[in-house]
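Colleague: Before we discuss this model, could you put the sequence and the coordinates up, so that we can go through them together?

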Amino acid sequence: MENITLTSSPTTPYFPEVNFNVDKGICEISGESYMEETYKFYLPLINWIKDYAKHIKRPLDLNIKLIYLNTSSTKCVLDILEILKDFEDEGGKVKVNWYYDKADPDMVEEVEDFEAESGMKIELIEFE
Amino acid sequence: MDTNTISTMTSKTILSYNGPFYIELISVFGTNIRNFNDAYSNARKKLFKIFIELSQNVSNYSENFHMINNVQRIGVGELSLKEFDTAYSFTTKNQVKKTDAEILTERCELVNASDQMKLRELKREQRLNSPGEKFGARIGLIQAVMLSKNKLEFKVDKINEDFSYFSLTVKIDKF
C-alpha cells in the first residue's frame, strides 16, 4: 500500500490537503472541501481505508481539520466513518479526532450528526 | 410585515452575476464574501456556506448549461447578493424542467414547514438515503435553512411548456 499525499494550493482552495500514511497509521484531511465531482476526489481515499482495514489491520487514527465542507463532502466523510466503524466492529483499533474552530458552533452540530449517523465515536478538539 | 420577506427593504448590491457557475468563480466570489470586511463574522461564515451550497446547486442542476470538453457540465444561472441594515440576502436563479420545479417547490415547502429539530432529522435521513456519487447529498436546501434559521423564499416563472426559472432567496441575519 502506498501513502497518499495531496497538498493544498491557494488557487484551488476547494481541495483539502490529504496525508494518509500507512507506516504511521494516520489519515489527515485538512483545509476546505467543496470541489466539483466530490465522489471522484474521495473515492481513492475511501478505497485506501478499505484496503488498510482489510490488509494492514493495525491501529488507525483519522484526524479531520476541515474548516468548511460542503454537503456533498459530508456524504463522503460519512462513507469513510461507516467504513471505520465496520473496521472497529471487526476488532480494528480506530481513533477519530475532529479539530474545529470554537467560533464555528455549526461544525459541532455537524460532528454530532456524523457520530449519530455512523455510530463512530468522534473526539472534538478545538483548534490551537 | 412578514419578517422573512426582505425584498421591499432598501439594500445595496454586493455581488451580481449571470453566466456559467465555474467552481473557480464560485471559489473567488466565496472568498471575497468571507473577507470583504471584518464585521458580522458569524453571519459571513454562514453566508459563505450558504453561498457555496446554493451556487453549486445551480452549477450541478441548471438545465441551461455549458459542456467543457464534452465531458463536464457547468450550469448557467444568476446570483445576487444584497446587504440590508440587519441582514444579507442571497438569491440564485436558474432554468429547471417544469416537472423538477414542482419537486423543488414541494421540497422548499417541506423545509419551510419544519423546525430545526425536524430539519436535522430530515438532513440525516436524506444524507443516509442519497444515491451519493454523482448526485451528492441533496441536502443543500435543508442546510441553508438550518444555518440561516430563516425560511426559503422561492418563485417559479414559466418559460414555456417544458421549462421554468426557479429563484431561491435566503436571508442571513447579521446579528
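Colleague: Which residue of E6(B) is the bridge partner of B:Phe90?

Modeller: The model is a predicted one, and what I say should be taken in that light. Strand E4 (residues 87–97) of chain B runs antiparallel to E6(B), the two being paired over 11 bridges. Within E6(B), the residue bridged to B:Phe90 is B:Val170.

Colleague: And on E5(B), which residue of E6(B) is the bridge partner of B:Phe154?

Modeller: Strand E5 (residues 153–158) of chain B is joined to E6(B) by 6 bridges, again in the antiparallel sense. A hairpin of 4 residues makes the connection from E5(B) to E6(B). The partner of B:Phe154 in E6(B) is B:Leu168.

Colleague: Why is strand E6 of chain B largely enclosed by the rest of the structure?

Modeller: The strand covers residues 163–173 of chain B, and a residue is taken as buried when its relative accessible area is under 20%. E6(B) is largely enclosed because, of its 11 residues, the number that are buried is 8.

Colleague: Turning to the largest nonpolar core, which helix gives the most to it?

Modeller: That core has 78 residues, and those with the most contacts inside it include A:Phe20, A:Ile49, A:Leu84 and B:Phe51. The helix that gives the most to this core, with 9 residues, is H1 (residues 38–56) of chain A.

Colleague: Which residues does A:Ile49 touch, not counting those up to four places away in sequence?

Modeller: A:Ile49 is itself listed among the core residues with the most contacts, as are A:Phe20 and A:Leu84. With the sequence neighbours up to four places away set aside, the residues in contact with A:Ile49 are A:Cys27, A:Leu60, A:Ile80, A:Ile83, A:Phe20 and A:Leu84.

Colleague: How much area is buried between chain A and chain B?

Modeller: The contact draws 26 residues from chain A and 30 residues from chain B. On the chain A side, A:Glu36, A:Thr71 and A:Lys75 lose the most area to chain B, together 24% of what that side buries. Carbon and sulfur atoms give 45% of the buried area, which comes to about 2,600 Å².

Colleague: How many salt bridges does the rule find across the interface of chain A and chain B?

Modeller: One of the salt bridges is formed by the side chains of A:Glu32 and B:Arg34, with an N to O distance of 2.7 Å. Between the two chains there are also 19 residue pairs in polar contact, both residues being at pLDDT 80 or more. For salt bridges across the interface, the count is 11.

Methods:
Residues numbered from 1 in each chain as written. Chains lettered and ligands numbered in written order. Predicted model: local features only at pLDDT ≥ 70, side-chain atom pairs only at ≥ 80, totals over all residues. Heavy atoms only, no water. Buried < 20%, exposed > 50% of the residue type's maximum accessible area, 1.4 Å probe, protein only. Pairing = 2+ DSSP bridges. Core = buried A, V, L, I, M, F, W, Y, C linked by side-chain atoms within 4.5 Å. Contact = heavy atoms within 4.5 Å. Buried area = accessible area lost by both parts, 1.4 Å probe. Salt bridge = Lys/Arg side-chain N within 4 Å of Asp/Glu carboxyl O. Polar contact = N/O pair within 3.5 Å; in protein donor to acceptor, adjacent residues only side chain to side chain.
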